[in-house]
Structures are given as C-alpha cells and as structure tokens.
Amino acid sequence: MSFRYEIRLSGEGGQGLVLAGKILAEAAAVYDELNATQSQSYGPEARGGASRSEVIISDEDIDYPKAVNIDLLLALTQESCDRYHSDLKKDGIILVDSEAVTRVPEGSFRVIKVPIIQLAREKAGRALVANIVALGLIAGISRIVSEKSLLTAIEARVPKGTEELNLKAFAVGLREAQAIMK
Amino acid sequence: MQEEKNIRVLTGNEACAEGALAAGMRFYAGYPITPSSEVAEVLAVELPKIGGVFIQMEDEIASIGAIIGGSLAGVKSMTATSGPGFSLMQENIGFAAMAEVPCVIVNVMRGGPSTGLPTLPAQGDVMQARWGTHGDHPIIALAPFSVAETFALTVRAFNLSEKYRTPVILLLDEIIGHVNEKVNMPDTTALEIIDRIPPAVAPDKYLPYEHTECGVPPMASFGQGYRFHVTGLAHDETGFPTNSGREIGRLIERLHRKIEQNRDDIVEVDAFMMDDAETALVSFGSTARSARHAVRLAREAGKKVGLLRLKTLWPFADKEIRAYAGQIKNWVVAEMNLGQMAHEVEWALAGAAPVKRLNKVDGDPISPAEILQALPE
C-alpha cells in the first residue's frame, strides 16, 4: 500500500524550520530510501514574519511538492498556527509550543501541546535548538522516519561544532514524544 | 553487481550549479537576486576550488557582458538571475545571439512585472525569453520540472549553446529553484559533453562568421592567434560591419537556419499517458508536476487524460503538439501566467480542437485539484 505523509513546520523566520525540514527530507530520502521533498514559503523579510517549511514523504514519486492534506502540523508561534492549520487532515496531528500558542484551533484533529522552546532552553541548553527538539518530537510521534536516519542526517547537516548540542536536543524531543505516545 | 548510488537531497538551484560545473562551466558572473541566489552561492564556493572564476558584478547588465567576454576567451560561461535582472540582460542577450557567443542565462522566474513577488513562484517570462531582446533572432529556452531534471537540462543548455553557438536560456521557477528533492546523482564522467568546434584552418584563412552548411561557424578563442572582429552590428563573414543587403540577409537567415533546421535535435517533449488520451494537458516547469498528479487522479477516476510536458519551450514544440491533433478532443494548458504558452498551443493546433486556458498569477502554485476541476466532463 502506497503512502504520502505531509508535514508542515511553521513558526517565524529565523527559527530554523527550513533546516529542520531539509534534515527530515534527507533522513527519509538518503538514509531511509523513501522519496521526499521539502519546500518553503516565506515573505521578503529575513527574520520574523510567518514562515513555513513543508516536507512530503512517500514511497512513490512525489508530483506535487506542496502540502494539501496535512498529517502533522508543527506551530511554534500563534500567528503561524492561525495561518497554517487550514489544510490539516481530519485525523491529523497538531503539535504546538504550549507557551507560544495559547489559542488552538478547534477540530477533530489531535492536539499535542509541548513547551518546545522551554525544553530546548532548559534541557538541551539553548533556545536556538527548538527546531531540533521539534524534530525529535516529530520522529517519536509520526514514526515516519527512522531515528537512526534522523541522527545521521542531523550530524551531517547542522553547523560544525554544534553536533553534540543538536543531538542532545533531538534526544530531549524524542524522550518527550515517547512519554506522550505511551 | 549493483551500481554505487550517490543519492543527495538538493534544491533546483543547487542542482543547476552542479550541472553547470559538470558541463565544464568555469566562469560565472552574476548579481544575486531572489529566488536565484543559491546558484551563485554554490558556485562562489566551488569554482575557485577547480581553477574557475566567480565574480559578483555591479549589476545584471555587467554580468551578461562579462560572460560574453568569458565565452569569447574560450571558457564556458554562465549567469543566473530572476525577472528584474533578466529584463536588464535583454540587450546583451541580443548581442550574444548576433555575435554567436555561446553562453547560458538562468532565469529563476518569480512573480512580475517589475520587482513583483521576490519569494513567490510564477511562469510569466515565457514570452520574454523568446522576444525580450529586439529584432529577429533565434533563441533556445529549456524548462525543467524537477531537481534531477534541472541538473540534466543545465548540462544540455551548455551542450546546445556550444553546438549551435547561441545563448541558451534556462527557465526555472521559484518552486523548482527552491524545492529540496531526492536526486540520484549521475556519473559525471559518463555525461555527454559538447564543446564548440575550433577552426580547422590557419588564422589568415579563418572566417569567424562563415556561412557553413550546418549554419554554425567554427569558433576560435581569443588569445589563440585567431584575430577577429566581434560586433552587434550586422556583419559579413569576417565579422566586420557591412551595409550589403546580400550579406545582411545571409547572416540573419543563417542565424535562424542553424536553429530551425536542427529543431528536432533541440525540441524535447515528455508524453505522459498520451497513448489513449482524449483530453490532453500541456504544461511545463513546476506546474507540470501538478498536471502529472492531476492525470494520475483523473485516470483513477477512469478518465482518459494525458500530459504533454514541454522540456524545450523555444523553439516551440508545434510539431509534437500537432501530432496529436486528430486524437485529442480537448486541450487544457496550465501555466502560472495569463496564457503565454496557450497562445502558441492554439496556433500550433490551428483550431483542430478547443484549447482551454488554466491560468493563475496570485503567487500561489496551481494545485492538482484546480487542474482536475478544469478538465472537461
């Protein structure tokens, strides 16, 4: 049975969501031998402004690289949550930063609230790695990409010298997901 | 034995840069502009490592001037830009066509006119690629629909420009330029690479604009002892300006003949599920991905729909479209502009069947669902 899994990572410019999307796509395509695309949509501003990065993972050719029927939406800001939840599947998952997003859209989808940025700051060591904490959460919640492939992709992709910090951030997110999904 | 695979996840812009390097491009001059800047970003790092030269110019007019010079010196040369920069390059694209200087101009299309939509996709430069520069001139323009194909068509753009001594325009769009996608990287040592034909005669016998049978004169590089004159003015076979009507006519006709008589070598079309199709979609670039998905969905619903995807935009695939004139009852042309290609399709079909236009210019891509909806019942 073929599948197409759509993930939308949203927040504001500068939160590393494009990098997180690229890591997810690389883990799926290079190391898990699936097909994957990552695309993005952003405004003319370099920082701030609602930003989104979309990853499609499939075992077939991916024609349309944009998300239209989302399985999992990550929202790190209220604005991105408000703007980008409309294409969520009925039984999809919406993962929000519980401190930044106070108003969660109503619907039949599953809402998972996690203090992602706080976890990054307090457990991983820096708020900057919230994107990788989120990757750990997505890995544990969706199980669409293997943990091993994600670890390899993170090591290959993050800036030199930050590998340890990022791997730690991933572990923090993954552990949190395991607690939620128990 | 299984072949060693080299799988990477790249954007179209990165694949374009890699393809150019594989084709032997060693001189890049450009001015950064969204959504094309990553082409320059990769080449600024990679070219110096292999003895090539990267130069950021003061603007796009200077950029194309520089690559014309680079190519005349014998080095495969390229620039990359988007709409506003492409507009500035038009005069020198005409110079390259007239002086028969091979070079590749990448235009990663964004919304226009003017500065328009820097970060959003569009396909509004189809006609500008054909007619942006003045006068009767031939042009070649290619449009890939995936990251892997961007690599392949960049190599092809260089091959065609060298083979026919002509500027070649590579039209990407923002989606293809920025999407990260899986690519099984080709073995670069096994690629077909075409180089310009050098003169076979001594310098004093060399005619840089000789009216050869194939239409393409051999090309000497500056610094090799072959002194010749390069001008945008109408010229005779020596390269010097002429007012002779006979010489002028021969020149302009040869410029067209070298492309027209080889159009079968240049025009590439991908027919997807066209064999038994009754409705045909025509599309290119990222919109062709939505179209292909729409074809799959329509087929699941039992509809006989196919897709003719244009990989070469210019010269136009009139013959390839006309070949289906008796078979196809309805045509739908999907493009992110207000009908630039649809007009060519209508002209090619000359009323053989109705042509419906599906156009969008709001910065949002045309989705598979929108294409499905546009199909006749």
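**Exercise 1. A salt bridge between distant parts of chain B**

Task: In this predicted model, determine which elements hold K163(B) and D265(B), and whether each residue is buried, exposed or partly exposed.

Solution.
1. Begin with the contact itself: the side chains of K163(B) and D265(B) form a salt bridge, with N and O 2.9 Å apart.
2. Locate the partners. K163(B) belongs to helix α6 of chain B and D265(B) to helix α9 (residues 263–266) of chain B; they are 102 residues apart, and the pair thus links distant parts of the chain.
3. Classify them using the limits of 20% and 50% relative accessible area. K163(B) has 31% relative accessibility and therefore counts as partly exposed. D265(B), at 33%, is likewise assigned to the partly exposed class.

**Exercise 2. Salt bridges of E247(B)**

Task: State which residues form salt bridges with E247(B), and explain how R250(B) and E247(B) are placed in helix α8 of chain B.

Solution.
1. One partner is R246(B), whose closest N and O atoms with E247(B) are 3.4 Å apart.
2. R250(B) also forms a salt bridge with E247(B), with a closest N and O separation of 3.4 Å.
3. R250(B) and E247(B) are separated by about one helical turn, because they lie three residues apart in helix α8 (residues 245–260) of chain B.
4. Assign the accessibility classes. E247(B) is buried because its relative accessibility is 15%. R246(B) is exposed at 58%, while R250(B) is partly exposed at 28%.
5. For context, a search over all chains of the structure gives 36 salt bridges.

**Exercise 3. The contact between the domains of chain B**

Task: Describe how domain 1 and domain 2 of chain B meet, from the overall separation to individual side chains.

Solution.
1. Set the bounds: the domain assignment gives domain 1 as 7–190 and domain 2 as 269–374.
2. The C-alpha centres of these two domains of chain B are 26 Å apart.
3. Count the residues in contact: 28 from domain 1 of chain B and 21 from domain 2 of chain B.
4. Consider the area. The two domains of chain B bury about 2,100 Å² between them, of which 59% is on carbon and sulfur atoms. On the side of domain 1 of chain B, Q123(B), V126(B) and F145(B) lose the most area to domain 2, together 34% of what that side buries.
5. Turn to the polar terms. Between the two domains of chain B there are three salt bridges and 15 residue pairs in polar contact, with both residues at pLDDT 80 or more.
6. Identify the main contributor: α5(B) gives the most to the side of domain 1 of chain B that touches domain 2, with four residues.
7. Examine one pair. E149(B) and R309(B) are joined by a salt bridge of 2.8 Å, N to O. These two residues also belong to a network of salt bridges that includes R156(B), E268(B), D270(B) and K311(B).

**Exercise 4. The largest nonpolar core**

Task: Which residues have the most contacts inside the largest nonpolar core, and which domains supply it?

Solution.
1. The core has 51 residues, and those with the most contacts inside it are I169(B), L313(B) and W331(B).
2. Helix α3 (residues 60–72) of chain B gives the most to this core, namely six residues.
3. Both domain 1 (7–190) and domain 2 (269–374) of chain B contribute at least three residues each to this core.
4. Inspect W331(B). With neighbours within four places in sequence left aside, its contacts include A280(B), V282(B), L308(B), I321(B) and Y324(B).
5. A second, separate core has 48 residues, among them L72(A), I132(A), A139(A) and L150(A).

**Exercise 5. The interface of chain B and chain A**

Task: Characterise the interface of chain B and chain A by contacts, buried area and polar pairs.

Solution.
1. Contacts join 23 residues of chain B to 22 residues of chain A.
2. The two chains bury about 1,900 Å² between them, 52% of it on carbon and sulfur atoms. In chain B, V9(B), N180(B) and K182(B) lose the most area to chain A, together 30% of what that side buries.
3. The chains are joined by three salt bridges, and D63(A) forms a salt bridge with R292(B) with closest N and O atoms 2.7 Å apart.
4. The interface has 11 residue pairs in polar contact, both residues at pLDDT 80 or more.
5. α10(B) gives the most to the side of chain B that touches chain A, with five residues.

Key: Residues are numbered from 1 along each chain as its sequence is written. Chains are lettered from A and ligands numbered from 1 in the order in which they are written. This is a predicted model: local features need pLDDT of at least 70, side-chain atom pairs count only at pLDDT 80 or more; totals for chains, interfaces and linings use all residues. Side-chain values use heavy atoms; hydrogens and water are left out. A nonpolar core is a set of buried Ala, Val, Leu, Ile, Met, Phe, Trp, Tyr and Cys residues joined through side-chain atoms within 4.5 Å. Buried means under 20% relative accessible area, exposed over 50%, partly exposed in between (1.4 Å probe, protein chains only). Helices (H or I, at least four residues) and strands (E, at least two) are DSSP runs, numbered from the N terminus. Domain bounds come from an automatic or database domain assignment. Contact means heavy atoms within 4.5 Å. Buried area is the accessible area (1.4 Å probe) that two parts lose on being put together, summed over both. A salt bridge is a side-chain nitrogen of Lys or Arg within 4 Å of a carboxyl oxygen of Asp or Glu. A polar contact is a pair of N or O atoms within 3.5 Å; within protein, one must be able to donate a hydrogen and the other to accept it, and residues adjacent in sequence count only if both atoms are side-chain atoms.
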